[in-house]
Amino acid sequence: MNGRGRFATAGLLVTLGLLLAGAVSAQVRPDRDGPTARTAAPVGVPTPKKPDAPVRGGQICAVAYEDRNANGRRDAGEGPLAGQSFTIANAAGAQLAQGASGGDGRFCTPRPLPFGDYRVRLIPGGGLTNTDPGVASLNAKSVALRTEGAVTVLFGSCRGAGCAGGAGGESRGAAGPGTPTPQGLFQGRICVLKFNDLNNDKVKQSTEPPLSGWNFSVTGPSGTFSGATAGNGLWCTPDILASGTYTVTETLKTGWVSTIPGGATPTLSVYVNGMQTKTVVFGNRLAPPLPTTICATKFNDRNGDGVRQPTEPFLAGWTFTVSGSGGNVTLPPTASSGQACVEASLPAGAYTMAETGQQHWTPTTPYSQSFTLTPGQPVQYTFGNRQVPVLIFHKIVLSTAPGGGFPTAGINSGNLFNISIYCGNMAYSKLVPINGSASTLGYGGLPLGAICSF
């Protein structure tokens, strides 16, 4: 080795010595760095990565079954339903899993979920109606996942006439059986609640009933859906609405007035975000009927033929009552023109107009007349009456004193006598008070001029 080589070797040894010295200096010295100090990793050497802690959680399984008796619970003999679609979302509404039940009726999350709160929802299809938990619960159940393993959630559905009204009416425009829910979207839903706003206060009270058979349409980013409310007043779109603003429109029925939201074409806008189910309320009440003019005319039917002649006068002071399915109303007494009228807001229906009889008069037309009222259409009826023949008897007690005349004393106020009257084959009796008079009634069927004896 020449001199130059010896110098190169010495330089290399010096360099290695410096590196070793640096490494030694990098070691932890407890007397200098403290008892808790750790040795630093060598430069360029990666720190070993700690393994991830295992996620604690469990699995959620939805089980679809055929609720044959529609009682909302699984009974013996009620088998599984295949092809029923489910979605599973977390508490924030983010959808984590979706799929359809298999031959055993089960759909389970493909991997364990962290402990937490979740919501499992059935998307009805195939002509089935959800009964467990039912439309009132929006076909969804909440799950609190707190233990490892699988949590099973039951969903019952039935088919046929026995399920009518259970799901809140028919939905048209929904995905058909076997059609997957659109991927990549947070599905939402809109439900309509329809009620009879009896007191017109624009708030649903517990005593105000739901209204069935009302048609609604929902239009928005996912298209147009339409259907009718069921017996519980509910109708819901399918669970396939993308986030966005939707317009809900009611088809107003004849004879009804909208109280919520009001107007001739009741419409509400609603924004659906993620897995939300938005419920909108529509209130209606029956429209007040148009006022109807109801009149009665009264005349003196002197010849008793039931038809007013030009020479037969009208009668004042007679009253009439109208009664029927929609209520009662009393007309004011007839005027000198023989007519009485009233403006009444009665609903359409069957009614009867009847007169209030008076003493010494007998009807020559039916005392009550039936009719069908159509709001806004005038009602007019004519009633005839004639006077009953009346006999008046007077009793006068004369004095037995010379010269006759009325007595001044000794008259017994209880001194009555009975008079019997015979008119054809009819007989009547009447007590006549002392120094008084009494009319005899009961033979109003006799014509004027009939001869009676007593």
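User: Is Arg 68 buried or exposed in this structure, and what is its relative accessible area?
Analyst: The model is a predicted one, and its values are computed from the atoms. A residue counts as exposed when its relative accessible area is over 50%. Arg 68 passes that cut-off and is therefore exposed, at 59%.

User: Which residue meets the side chain of Arg 68 in a salt bridge at 3.9 Å, N to O?
Analyst: The cut-off for a salt bridge is a nitrogen within 4 Å of a carboxyl oxygen, and the 3.9 Å pair satisfies it. While Arg 68 is exposed, its partner is buried, with a relative accessible area of 17%. That partner is Glu 66.

User: Which residues are joined with Glu 66 into one network of salt bridges?
Analyst: A search of the whole structure finds 7 salt bridges. One of them, between Arg 146 and Asp 117, has an N to O distance of 2.9 Å. Elsewhere, salt bridges that share partners join Glu 66 into one network with Arg 68 and Arg 159.

User: Where do Arg 146 and Asp 117 lie, and how many residues apart are they?
Analyst: The side chains of Arg 146 and Asp 117 meet in a salt bridge, and Asp 117 is partly exposed at 40% relative accessible area. Arg 146 belongs to the loop between strand S8 (140–145) and strand S9 (150–158), whereas Asp 117 sits in strand S6 (residues 116–123). The pair thus links distant parts of the chain, its separation being 29 residues.

User: What is the distance between the closest N and O atoms of Arg 73 and Asp 75?
Analyst: Asp 75 is partly exposed, with a relative accessible area of 24%. Asp 75 forms a salt bridge with Arg 73, and the closest N and O atoms lie at a separation of 3.5 Å.

User: What is the order of strands in the open sheet with mixed pairing?
Analyst: This open sheet has 4 strands. Strands S21 (339–344) and S23 (361–363) stand at the edges with a single partner strand each, so one side of each has no neighbour in the sheet. Neighbouring strands are turned against each other by 25 degrees on average, direction ignored. The order is S21-S18-S25-S23.

User: How many bridges join S18 to strand S25?
Analyst: On one side, S18 pairs with S21 in the antiparallel sense over 6 bridges; there Ile 294 has Val 342 as its bridge partner, and Ala 296 has Ala 340. Towards S25 (residues 379–387), Ile 294 stands opposite Val 379. S18 and S25 run parallel, and the number of bridges joining them is 7.

User: Is Thr 292 buried or exposed, and what is its relative accessibility?
Analyst: Thr 292 is found in S18 (residues 292–300), a strand that is mostly covered, with 8 of its 9 residues buried. Buried means under 20%. Thr 292 counts as buried because its relative accessibility is 0%.

User: The backbone nitrogen of which residue lies 2.9 Å from a polar atom of the Thr 292 side chain?
Analyst: Leaving aside residues up to four places away in sequence, the contacts of Thr 292 include Val 342, Glu 343 and Ala 344. Others among them are Leu 373, Thr 374, Pro 375 and Gly 376. The backbone nitrogen at 2.9 Å belongs to Gly 376.

User: Which strands form the edges of the open sheet ordered S20-S19-S22-S24?
Analyst: The pairing in this sheet of 4 strands is antiparallel, and neighbouring strands are turned by 20 degrees against each other on average, direction ignored. Each edge strand pairs on one side only. These strands are S20 (327–330) and S24.

User: Which residues of strand S24 point to one face and are buried?
Analyst: S24 (residues 368–373) pairs with S22 (residues 349–355) in the antiparallel sense over 6 bridges. Two residues of S24 serve as bridge partners here: Thr 372 for Ala 350 and Ser 368 for Ala 354. The side chains alternate along S24: Ser 368, Ser 370 and Thr 372 point to the other face and are not buried. The buried residues are Gln 369, Phe 371 and Leu 373.

User: How many contacts beyond four places in sequence does the model have for residues 404–416?
Analyst: The protein chain averages a pLDDT of 76, and 66% of the residues score at least 70. Over residues 7–26 the pLDDT is below 50, and that stretch has 2 contacts beyond near neighbours in sequence. Where pLDDT is low, the predicted coordinates should not be read in detail. Residues 404–416 also stay under 50, and their number of such contacts is 21.

Conventions. Residues numbered from 1 in each chain as written. Predicted model: local features only at pLDDT ≥ 70, side-chain atom pairs only at ≥ 80, totals over all residues. Heavy atoms only, no water. Buried < 20%, exposed > 50% of the residue type's maximum accessible area, 1.4 Å probe, protein only. Polar contact = N/O pair within 3.5 Å; in protein donor to acceptor, adjacent residues only side chain to side chain. Contact = heavy atoms within 4.5 Å. pLDDT = per-residue confidence, 0-100. Pairing = 2+ DSSP bridges. Axes fitted to C-alpha atoms, helices over the stretch in contact; angles between N-to-C directions.
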